Amino acid sequence: MDFQNYLKSKTNIQINSEQLKAVKHKNGNGLVLATAGSGKTTVIISRVGKLLFENRDAKILTITFSKMAALEMEKRFTKAFKGISKNNAKFSTIHSFAYRLVLKYFNKKGLEIQLIKDKFNLINEIVKDVYNKERYQNTNKEEIENISNKISYFKNMLYDPKDYKMYGVNIRKFDEIFSKYEKYKKQNNLIDFDDILIYAYKILRTSKVQRDRIKNKYDYIQIDEVQDTSKIQHLIIKLISKDNIFMVGDDDQSIYSFRGSYPEFLLNFKEDFPEGKIYYLSKNYRSDKNIVKAASEFIKRNKVRYDKKISAEKESLEKIEIIKIENKRESIEYIKDKLNKNQTTGILYRYNISALLPANLLLKEGVDFYIKDSVENFFNNNIVKDVTAFFRLSRDGRDKESFRRIYYKCNSYFNKNLIQFVVNGEGSINQRLDMYFDTDKRLESNITRFKENILELSKLDIKEGIEFLLYEMDYLDYLYRLEENGIIRYSNAKVILDILKELGREVKKIEEFERKLKELKIRLEDSNNRDAEVVLSSIHSAKGLEYDNVFLIDNNHGEFPPEDRGEGDFEKSLEEERRIFYVGMTRAKKNLHVLSSGRESLFFNELKYILE
């Protein structure tokens, strides 16, 4: 019995002619370009099955992007190929593979290392030490995470942190933060997940014994989602292979550059492996033909990619809905009206905070849902804290903590002596301001204006008050200054403010608003039913998943794609943003709704043009 007949009769796996060509690849380097929904996992496990079918002693290592993917692939292989021993088929992440190598090496050397347990808090303490007090006060949890991600990125790309400005990183004193982080780990025998790869690479590069040991351990090496592996991961894989790498991926779905993914390795396959073979999986089995056709035309606008055919197995049953709506509230109402509770639905977005308004609606409607990404950063965001502090002060004239937080964020131009006089004395803020004496007439005028603005704010509801803060109290100017200093993106700040205004609609008092935010946070934390028919997810987290119906929301100018801030190669980042949008589109099986709730984005208009 040949393997193709074995597949049909024993495993119930049916593969098309393109998939069969890839499965039959045996020796030498191979690249499978697998379009979305084309059955790449089927190809990977079928090839493992074929290699073991022909040689029970063959040893195969399949490297996956995530632990979940490794477990799922192993499960599918074991279920499909019950008659073939899985002992010689290893499914692992690159980190798991590298960690075993590094641990074994250090143990032999008698050296003890430990994985760092709290990278976030360590970096936070280092940032506190490096930045001055005022600069650190404007550093929120999101920025610490951004610094952590950039450290990881530099390690995966093998960049020198001293050259951070050259790579478009505008984090102040990044090289100093990086250096202190590395020094602390070295002094305390600690490593992080990126160090695992660094050490594995150094060990394999300098030790022929270690290289040969791994090379002799595996006859074949497969890489899943090759477009998402980093530069250092590619170098490790090349060191342990015997010109027998079988890579599967899609350059059109490379969306993890912030983690250090290096799709250039995939794009330069023929330069690196002139004798290597390329296979194409062009048939999408997931999506309605209209979705496949539009997605294919859309992604062709990218220039740096393989030119490949993308076709659909399914017929054209539903048209794509591309809808311009006036505001976020009406956008959410549209979703409510179109929601089919008997089918799976993915509400997808570029940034995690876009989950807030649809989640709030679903909670009101009593619809069970699962939210994949944490939205905790929204509730801890400095803008949210600033807005609530302004309102607290307007309602409580003795709230000196709120005064300290906001006085310099509304162009009050109060000097240090005045602030010390106000916060350290007895009485209300207004009383202390009235008592302060200074010959500077401008300061006197500023005090009067500040008091009048706070009084006016106390008369407004939350939505009107936020508008007043922005335009009458000059909080908008403060946000622009933060953007100029590279601390925030104003486009992100605007999204946060729009969400606050919508949540604050018809809310009169700050106490009620804060209670509403607290309740929303608690209920979102409880939305953990992974089997719910409705899923809220960033497009990044939805990669590899599929839904009957997809709503791509917040396709607004400056949000998705984000506006050009002159950081690094904008054309390159724009192509990645277009790939993210493409990934979002291709999650849909039946219905795709693309929504803009403001000024239409570039991608919204590109797709609109394609559909006309």
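The following exchange takes up how several descriptions of this predicted model are justified.

Reader: Why is the chain said to agree with a compact globule?

Author: The chain has 612 residues, for which a compact globule would have a radius of gyration near 25 Å, and the chain has 28 Å, which agrees. Along the principal axes, the C-alpha atoms fill a box of roughly 95 × 65 × 40 Å. Of the 612 residues, 55% count as buried, and the chain exposes about 29300 Å², with carbon and sulfur atoms supplying 45% of that area.

Reader: What share of the contacts in the chain joins residues 24 or more positions apart?

Author: Among contacts with a separation of 6 or more, residues 24 or more positions apart account for 78%. The secondary structure that these contacts belong with comprises 30 helices and 16 strands in the chain.

Reader: Which domains is the chain divided into, and how many residues of domain 1 and domain 2 take part in their contact?

Author: The division gives domain 1 (3-100 + 197-281), domain 2 (114-188), domain 3 (294-368 + 529-611) and domain 4 (379-517). Domain 1 gives 14 residues to the contact with domain 2, and domain 2 gives 7 residues, while the C-alpha centres of these two domains lie 33 Å apart.

Reader: Why is Thr345 called buried?

Author: Buried means under 20% relative accessible area, and Thr345 has 0% relative accessibility, so Thr345 counts as buried. Thr345 lies in strand E12, residues 345-349. Leaving aside neighbours within four places in sequence, Thr345 is in contact with Leu339, Asn340, Glu533, Val534, Val535, Tyr547, Asn549 and Phe551.

Reader: How do you know that Phe581 is buried, and which residues is Phe581 in contact with?

Author: The value for Phe581 is 0% relative accessibility, and because the cut-off for buried is under 20%, Phe581 counts as buried. Phe581 has its place in helix H29, and, apart from neighbours within four places in sequence, its contacts are Phe298, Leu552, Asn555, Phe560, Val594, Phe603 and Leu607. Ile278 is 303 residues away from Phe581 along the chain, and the C-alpha atoms of the two are separated by 26 Å.

Reader: What makes the peptide bond from Phe560 to Pro561 worth asking about, and where is Pro561 found?

Author: The peptide bond from Phe560 to Pro561 is cis, with omega near 5°. Pro561 is found in the loop between strand E15 (547-552) and helix H29 (570-585). Phe560, on the other side of that bond, is among the residues in contact with Phe581.

Reader: Is Val387 buried or exposed, and how do you know?

Author: Val387 has 1% relative accessibility, and since buried means under 20%, Val387 counts as buried. The place of Val387 is in helix H19, residues 382-395. Outside the neighbours within four places in sequence, Val387 is in contact with Ile466, Leu469, Leu497 and Leu500. Leu470 is 83 residues from Val387 in sequence, and in space the two are 9.9 Å apart, C-alpha to C-alpha.

Reader: Why is Ser66 called partly exposed?

Author: Partly exposed covers values between the cut-off for buried, under 20%, and the cut-off for exposed, over 50%; Ser66 has 29% relative accessibility, and therefore counts as partly exposed. Ser66 lies in the loop between strand E2 (60-64) and helix H4 (67-80). The C-alpha atoms of Ser66 and Ser96 are separated by 9.8 Å, with the two serines 30 residues apart along the chain.

Reader: What makes Asn12 count as exposed, and what is its phi?

Author: Exposed means over 50% relative accessible area, and Asn12, with 67%, is therefore exposed. Asn12 has a positive phi of about 65° although it is not a glycine, and its place is in the loop between helix H1 (3-11) and helix H2 (17-23).

Reader: Why does Asp243 count as exposed, and where does Asp243 lie?

Author: At 51% relative accessibility, Asp243 meets the cut-off of over 50%, so Asp243 counts as exposed. Asp243 lies in the loop between helix H12 (231-240) and strand E7 (245-249). The phi of Asp243 is positive, at about 55°, although Asp243 is not a glycine.

Conventions
Residues are numbered from 1 along each chain as its sequence is written. This is a predicted model: local features need pLDDT of at least 70, side-chain atom pairs count only at pLDDT 80 or more; totals for chains, interfaces and linings use all residues. Side-chain values use heavy atoms; hydrogens and water are left out. Helices (H or I, at least four residues) and strands (E, at least two) are DSSP runs, numbered from the N terminus. The radius of gyration is taken over C-alpha atoms; the globule rule is 2.2 Å times the number of residues to the power 0.38. Buried means under 20% relative accessible area, exposed over 50%, partly exposed in between (1.4 Å probe, protein chains only). Contact means heavy atoms within 4.5 Å. Accessible areas come from the Shrake-Rupley method with a 1.4 Å probe; for residues, only the protein chains shown count as cover. Domain bounds come from an automatic or database domain assignment.
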